[in-house]
Number of protein chains: 2
Amino acid sequence: MNATGNEKKGERPPKRIATRDRLLRAGGEIFARYGFRGATVRRIARRAHANVASVSYYFGDKKGLYAAVLQYTFSSAKEKYPPDLGLQQGAGGPARLHAFIRSFLLRILDDGRPTWHGKLMVQEMADPTPALDHIVEVAIRPLYQQLALIVRELAGIGAAEQSVHLCCLSIMGQCVFYLHARPVVTRLQKREPGAADVEQLAEHISRFSLLAVAGMADGGAADAGRNG
Amino acid sequence: MNATGNEKKGERPPKRIATRDRLLRAGGEIFARYGFRGATVRRIARRAHANVASVSYYFGDKKGLYAAVLQYTFSSAKEKYPPDLGLQQGAGGPARLHAFIRSFLLRILDDGRPTWHGKLMVQEMADPTPALDHIVEVAIRPLYQQLALIVRELAGIGAAEQSVHLCCLSIMGQCVFYLHARPVVTRLQKREPGAADVEQLAEHISRFSLLAVAGMADGGAADAGRNG
DNA sequence: GTCAAAGTTAAACATTTGTTTTAAATTTCT
DNA sequence: AGAAATTTAAAACAAATGTTTAACTTTGAC
C-alpha cells in the first residue's frame, strides 16, 4: 500500500518520515538545478540516500514528486520571503522598487540558503511543465501585481496600463537574465557573477528601471533626456 | 566510408546532397525549438524525411550535426542580418539603439523566416553545450560590443565601463526575456505575444532603455527624474 | 513474542534515445 | 552495360531512465 494516501486521519503518527523529507529536499535541489526533464529520479534518490523505488512509493511517480516539491518550496518561500519583502510599508516608490528587485535577485541568485523556489520558477519559465498554469497563478502573478503596483505609483496616475505592463516585464526580464544566461554573462565579463554581486546588481537594475519609468511618467519621447 | 571527410578537394561535385541539406534544415528547426538535449535525432530525421542512420552517416553523431547546424545558421544569419542592422551609419544614438533592439527581437521572435540562429543562441544561454565558448566569441560578443558602442555614445564620455556593461546586459535581458519566458508572458497578459507585437515591443524597450541610459548620463541618482 | 502494516531494497521491466551494423538500392564513372 | 563507390533503409545494440515487482527488514500494537 502506498504512503501517499492518508487512510483515515493522522492516526499513525509516523516516527520516521525522514526518507520522504529527504526526497523532498533532494528533489528541490536537483529539480531547481536541472529542471523537471533534466533531473533524474535516480539522482534525486541518490542525493537523498534513498532507493529509487522510494520515489514511486511516496509520491506515485516523478510528476508526483515534482508537484510535492513545488508545494513544499511554496510554503517555505512564503515564510522565508514575506510578501512585504522586509521593508516598512510607508517607504516611497523608489525604495520599494529597490527592495522588490533586491529580494527577487536574492531568491534566484543567492547560493547560500535554499533558493529552490526562485530557481524552480525560472526553470518553469524556460521549460514549462503542466504545473506552469498553477505556478503562474499562485506564485508569479502575485509577484507581478506587486511590482505593477510599485510601477504604477512611480509612473504616475496617467500611465497607460499597457505601458505599466511592459515596464514590469522589462524589470523582471533584467532580473531573470542573470540566472537564465549566467553562462553567457560569465564569459562576457570573464568573471563568475557571485552572490556578492547581487547588491551591486540590485542597485543597477533599480536605478536603470527607476530612470526609465520616471522618464515615461514625464511623457518621455524617443529622444527625451538628452542634453549632451 | 563516411561522407563527412572531404577526400581531396571539391573534386566530386555532388549532385544530390539533398539529404544532408534536409538534415541541416530540420536540425536547425528542431534544435532551435527544443535545444540540444531536448531534440532527438529520430525527430530530426523524421522531419527531414531521412533515415535515423543518415545523421551518423553525414555528421558522425548528434554533436557533429549540431556543430554543422550552428555553422550553417551562422553563415545564413550573417548574410540575412548584416552587421549594420540595415540602417544608415550616420544615424544618431537613439535611432541606432532602436534599430539594434528591433533587429535583435526579430531574430529571436519572428516566426516567419527561419530564426533558428537567434533561438539557438538563446537555447545555448539557457542550457549550454561545449559549443558555447565558441558561440560567445563569434556571435554573442560581437553583438554585445556593438551594443556597448551605442550605449557608450548615449551615456556620454564620462560613463564608467562597469555602468555601460550593466546597461548592455539590462537591454539584452529585456529582449531575451520574451523568448525565454514566453509561456509565462503569454499567461500574464492572457494573449499570445505574436510576431505582430515585435514592433510595439521594440518601441517600448528602446524607449525604456534610452531613458535609463540617458538618465545615467545626467548623473541620475536613485530618485532622479521625478517631478510629479 | 507475534504479527500485520509500513518501509526499504535489489532486481527486473519497458521505453526512449544515440549509435552501429549489415545489406539493399542507387548513383557515378568507365 | 557493368563495376565501383555512394547513399539509403531496416534492424540490432547499448546505455539511460521511469516504473514495477517481489522479497526483505523494521516498527508498533496486542
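These are my notes on a helix pair in chain B and on how chains A and B meet, taken from a predicted model.

**Helix pair in chain B**

I looked up helix H5 (residues 93–109) and helix H10 (residues 198–217) of chain B, which pack at an angle of about 135° with their axes 9 Å apart. Angles over 145 degrees count as roughly antiparallel and 65 to 115 as roughly perpendicular, so H5(B) is oblique to H10(B). I noted the crossing of H5(B) and H10(B) as right-handed.

I then listed the residues in the contact. H5(B) contributes B:Pro94, B:Leu97, B:His98, B:Ile101, B:Arg102, B:Leu105, B:Leu106 and B:Leu109. From H10(B) come B:Val198, B:Leu201, B:Ala202, B:Ile205, B:Ser206, B:Ser209 and B:Leu210. Sorted by class, this contact has eleven nonpolar, three polar and one charged residues.

**Chain A against chain B**

Next I turned to the interface, where 50 residues of chain A are in contact with 50 residues of chain B. On the chain A side, helices H6 (116–126), H7 (132–155), H8 (161–180), H9 (182–189) and H10 (198–217) each supply at least two residues. H10(A) gives the most, with twelve residues. I recorded the classes on this side of chain A as 29 nonpolar, 14 polar and seven charged.

**Symmetry**

I superposed the copies: a turn of 180° with a shift of 0.0 Å along the axis lays chain A on chain B with an RMSD of 0.1 Å. The two copies are therefore related as by a two-fold rotation axis. In chain A, the C-alpha nearest this axis belongs to A:Ala212, at 2.3 Å. I also checked the surfaces: 100% of the interface residues of chain A are interface residues in chain B too, so the copies meet through the same surface.

Terms used. Residues numbered from 1 in each chain as written. Chains lettered and ligands numbered in written order. Predicted model: local features only at pLDDT ≥ 70, side-chain atom pairs only at ≥ 80, totals over all residues. Axes fitted to C-alpha atoms, helices over the stretch in contact; angles between N-to-C directions. Helix = DSSP H or I, 4+ residues; strand = E, 2+ residues; numbered from the N terminus. Parallel < 35°, antiparallel > 145°, perpendicular 65-115°, else oblique. Left-handed = near helix turned anticlockwise from the far one by under 90°. Contact = placed C-beta atoms within 7 Å. Nonpolar A, V, L, I, M, F, W, Y, C, P; charged D, E, K, R; others polar. Least-squares fit on C-alpha atoms with pLDDT ≥ 70 in both.
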